[in-house]
Amino acid sequence: MGFVDHLPTRRELLVGSGALFAWSQMPRIARAEGRDPRLLAIVLRGALDGLGAVAPVGDPDWISLRGDRALVLDGKPPALPLDSFFALNPAMPNLHRLYRTGKAAIVHAVATPYRDRSHFDGQDVLESGMSKPGVTASGWLNRALLALESGGRVDPRGSRALGIGSVTPLVVRGAAPVMTWVPRKLLPASEDTQNRLLDLYQHTDPKLATVLQARMKLASLDGAMGTGDPMSDDPTLAPPGIARVRAYFAEAAGTAARYLAKADGPRVGAMGFVGWDTHIAEGAASGQLYNLLGALDGAFAAIESNMGEAWRETVVAVVTEFGRTARINGTQGTDHGTGTVAFLIGGALSGGRVIADWPGLKPAQLFEDRDLKPTTDLRSVLKGLLRDHLRVEEAVLADAVFPGSADVKPMGGLVA
Amino acid sequence: MSNSAKTEAVLTLHRFGMGPRPGSIAAVGTDPRGALIAELDRPLVLSAAASLPTSAKAYRTVADANARRTARAKQAQQQAKKQQMAAAPAASSDQGQAQAQTEGQAQGYSEQKDAAEMAAKQAADAIPDPGRPIYLQEAKLRTEAALAADIGFAERLVWFWSNHFCVSANRIQSMSGAYEREAVRANALGRFVDLLQAVEGHPAMLFYLDHLESMGANSTAGINRSRGLNENFAREIMELHTLGVRTGYTQDDVISFANVLTGWTLVPPGADPQHGGEFTFNPRLHEPGGQTVLGKRYEQDDAEQGRAVLRDLAAHPATATHVATKLARHFVADEPPPALVEQMAKTFRDTEGDLKQVAITMVSSDDAWRGPPSKLKRPGEWVVGMVRATGITQVDPVRFTGGQELLGEALWRPPAPKGYPDDEASWIDGVGRRLDVANYFAERITGMADPQVIIEDVFASQVAPEVKQAVGRAESRQQALALLFMSADFQRR
């Protein structure tokens, strides 16, 4: 437990404790149908630039908006075509493959009901499922799990959810017990954190800035030369390059999949990945964002392979608190915005499409003349998944899981 | 409190204490110098240490375990060999050609030997080493004393002297923690000469500096065993602990002093279950006759001879300057103001090395406060500072010592008798590594520590506007905490 040994112990460590899985975690209604669905939520903390991940290459205003930072089909490297209008960031060949086989869908111009631009509040709304921040300390996935087990057929030992990481994501916290697993690998400070620290040092302590800069240069060299050792048991000794981020993402996601795949394991889980707050040198086509998306793509591959047979009953929802400005800012990055993308992957999906009511990119079409305008409520996507995949009742979704969302209808047809 | 008083209090905590913690700014109050001096009047004992073994007891415990390991290993080895002897004739009768037989036997023999060694190793490993748990318990107590202190000036002094008179747990793990308590902590605010006598006469130091087997060439044991002197202990006392390097002592002084110190050893742990591991003077190892050290003749014929030399070294003006320089360098600046060093050295000389008075002189001098916060905290101070800022008062010693080791300042394991260095150049390249540790720690505590609250309450908002801004704009609490802990405001003092 870090340097401290008296943090709350409400969570249990999964490692090597098979006894925790001594009863089935299968949602009851789905089980009655002979199904055994799994749902994993991945929260990208820091606000993913949806336009840098999935580019509207068919939009006539796209190039003028992003200039030479715009992902294009004839770029270097070329963006991966999704349909006649959208193209995927070239860092994500796995996602592209899943998409082409119908096992991935992308929702674009999507957002939670939150319209301000604070990370903390935005993540709170995203994960709590409320329409405002600071309302509750439980998450929508935990409440959905509780709802599944109600109705007089509650397992006396209670249902459980899986949380990955030393801090359980809010989305999975709540009355239903959570078991957690902490990745063995140390996640290095993200490139974004290093950039911010460098900026801070440049304004306050030039000597420290010089040292940090040298280290960052070493790390980037290491990444370019591929000499990093992501599998090292002692990652702290390796330079903090992207190799370590990739290793961390793959280990965390792959382990989540292994637990969810177990016949008597948990059926819902959640994890978070940090580093998406790309204010400086975003690098969508090559650089920070490209690297992170590549690591995420590797996590998808790890999930697919570790799920094994259970992959065909799996849905993974990848969500973020909000998007980023449509235009590039003064430091070759993007600032906090609104509309963004959500990735849905899994063998249970009816995918192969980008779901978007495209708002357009002309100044008047942007939200507050700066952000991609959200046209789809993320809650409708999540409600659709919970209803059609886990079989949570619609009334419960509108009332307990996403309170006050009766007007937001579940999106149908996401699950095969 | 006014803003300038708050700024002064934060500087006090960073420069002379263990860093701000909840309530510590109020503890410093409006008279930082008075508050620092007042802390020196409180007892320095670790009350919780009553449950820990003395150094001699810890040493005996480990020695006993080692003896049992050896015995078990021998037993297991013999047993394995017996079984192989019983099985061997049947194996060799199957052999055809003479050549093959020889090779087969050779191979069989080496397999037997391996099996016997394996059995021995397994038997030995079945008895765990009690040294590490003792080390960890000691580490926990010492760290928690630093976390609990209002300011931590006295604890910083203990840390300083422990590093000045370092031993290494790599050589003598069982005693490393108890050594600090018994010899250093007990004398850190007393007179230098008492501290010096306590550390140089401590078995952990004798063990660490290879002095246990040093014997005079003309001593009884030296003649019988044709062995002799080890100069190391005497040299390090003069070079590192007292006078300082190149202060006028000669190679002859080192040899004479080494002769003086022969016979300083410890009671063999196997020989005496009551006193094994304690200091003893063994006259059979001692070089007979008088010795001349730094021009003075010492005619005593027992341990008193060494104590007399130590008394004179403690009173030597070079020692006063050496100690004052190191103290000022540790607390104030890599190149401390010469006037400050001279004031402290003068106090040292005038008070016969009263270390509390030297510390008081330091914090009472404007020269100790005027300079900008140019010192880079050492890893140990910095890690304790992070934990203190969150208000946590208990640590898992495995994680904690692991973190310090990662940062290059493993607790009680300096690479050489000189101890860990105190200058920026030695540590600044490790700042990148600190970022990993800060990031990791921030992740672990993000559920219980609010960076805004730490800035406002623990630091009374006395951090640079750039830091406030960076923390406010961070993408997550974790990032905010990592940036705060990595900021120059938090690492410099």
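**Strands, cores and chain contact in a predicted two-chain model**

Me: In E11(A), which residue is the bridge partner of Val107(A)?
Reply: The model is predicted. Val107(A) belongs to strand E6 (residues 104-111) of chain A, which is joined to E11(A) by five bridges and runs antiparallel to E11(A). Within E11(A), the bridge partner of Val107(A) is Ala342(A).

Me: Which residue of E11(A) does Val316(A) stand opposite?
Reply: Strand E10 (residues 314-320) of chain A also runs antiparallel to E11(A), and three bridges join the two. Val316(A) has as its opposite in E11(A) the residue Ile345(A).

Me: How many residues of strand E11 (residues 340-345) of chain A are buried?
Reply: In a regular strand the side chains alternate between the two faces of the sheet. On one side of E11(A), Thr340(A), Ala342(A) and Leu344(A) are buried, and on the other Val341(A), Phe343(A) and Ile345(A) are buried too. The strand is mostly covered, and of its six residues the number buried is six.

Me: Are the faces of E9(A) covered or open?
Reply: Strand E9 (residues 268-273) of chain A has six of its six residues buried. Val268(A), Ala270(A) and Gly272(A) lie on one side, with Gly269(A), Met271(A) and Phe273(A) on the other. These residues are all buried, and both faces are covered.

Me: Which residue of E9(A) stands opposite Leu39(A)?
Reply: Strand E2 (residues 38-44) of chain A and E9(A) run parallel and are joined by six bridges. The residue of E9(A) opposite Leu39(A) is Val268(A).

Me: What stands opposite Gly163(A) in E9(A)?
Reply: Strand E7 (residues 161-164) of chain A pairs with E9(A) in the parallel sense, over two bridges. Opposite Gly163(A), in E9(A), stands Ala270(A).

Me: Which are the edge strands of the open sheet formed by three strands of chain A?
Reply: The order in this antiparallel sheet is E3-E5-E4 (chain A). E3(A) pairs with strand E5 (residues 87-88) of chain A over two bridges, and there Ala55(A) stands opposite Ala87(A). The edge strands each pair on one side only, and they are strand E3 (54-55) and strand E4 (80-81) of chain A.

Me: Which element gives the most residues to the side of chain A that touches chain B?
Reply: The contact takes 33 residues from chain A and 37 residues from chain B. On the side of chain A, the elements that give two or more residues are helix H7 (191-204) and helix H8 (206-225). That side divides into 16 nonpolar, nine polar and eight charged residues. With eight residues, the element that gives the most is H7(A).

Me: How far apart are the C-alpha centres of domain 1 of chain B and domain 3 of chain B?
Reply: Chain B has 26 helices and four strands, and its C-alpha atoms fill a box of roughly 95 × 65 × 40 Å along the principal axes. The division is into domain 1 (3-31 + 375-491), domain 2 (55-125) and domain 3 (207-308). Between domain 1 and domain 3 of chain B, the distance from one C-alpha centre to the other is 43 Å.

Me: What share of the 493 residues of chain B count as buried?
Reply: Among contacts in chain B with a separation of 6 or more, 73% are between residues 24 or more positions apart. A residue counts as buried if 20 or more other C-beta atoms lie within 10 Å of its own. By that cut-off, the buried share of the 493 residues of chain B is 50%.

Me: Which residue with positive phi follows H20(B)?
Reply: In helix H20 (residues 397-406) of chain B, the buried residues are Pro397(B), Phe400(B), Thr401(B), Gly403(B), Gln404(B) and Leu406(B). Their cover includes helix H6 (131-148), helix H19 (379-389) and helix H22 (431-445) of chain B. After the helix, with a phi near 90°, comes Gly408(B).

Me: Which residues touch the most other members of the largest nonpolar core?
Reply: In soluble globular proteins, nonpolar side chains tend to be buried together. Leaving aside neighbours within four places in sequence, Met344(B) is in contact with Ala324(B), Leu327(B), Ala328(B), Val358(B), Thr361(B) and Met362(B). Of the 136 residues in the largest core, those that touch the most other members are Ala324(B), Met344(B), Leu483(B) and Leu484(B).

Key. Residues are numbered from 1 along each chain as its sequence is written. Chains are lettered from A and ligands numbered from 1 in the order in which they are written. This is a predicted model: local features need pLDDT of at least 70, side-chain atom pairs count only at pLDDT 80 or more; totals for chains, interfaces and linings use all residues. Two residues are in contact if their C-beta atoms, placed from the backbone, lie within 7 Å. Ala, Val, Leu, Ile, Met, Phe, Trp, Tyr, Cys and Pro count as nonpolar, Asp, Glu, Lys and Arg as charged, and the others, Gly among them, as polar. A residue is buried if 20 or more other C-beta atoms lie within 10 Å of its own, exposed if 12 or fewer, and partly exposed in between; C-beta atoms are placed from the backbone. Two strands pair if DSSP finds at least two bridges between them. Domain bounds come from an automatic or database domain assignment. A nonpolar core is a set of buried Ala, Val, Leu, Ile, Met, Phe, Trp, Tyr and Cys residues joined through C-beta atoms within 7 Å.
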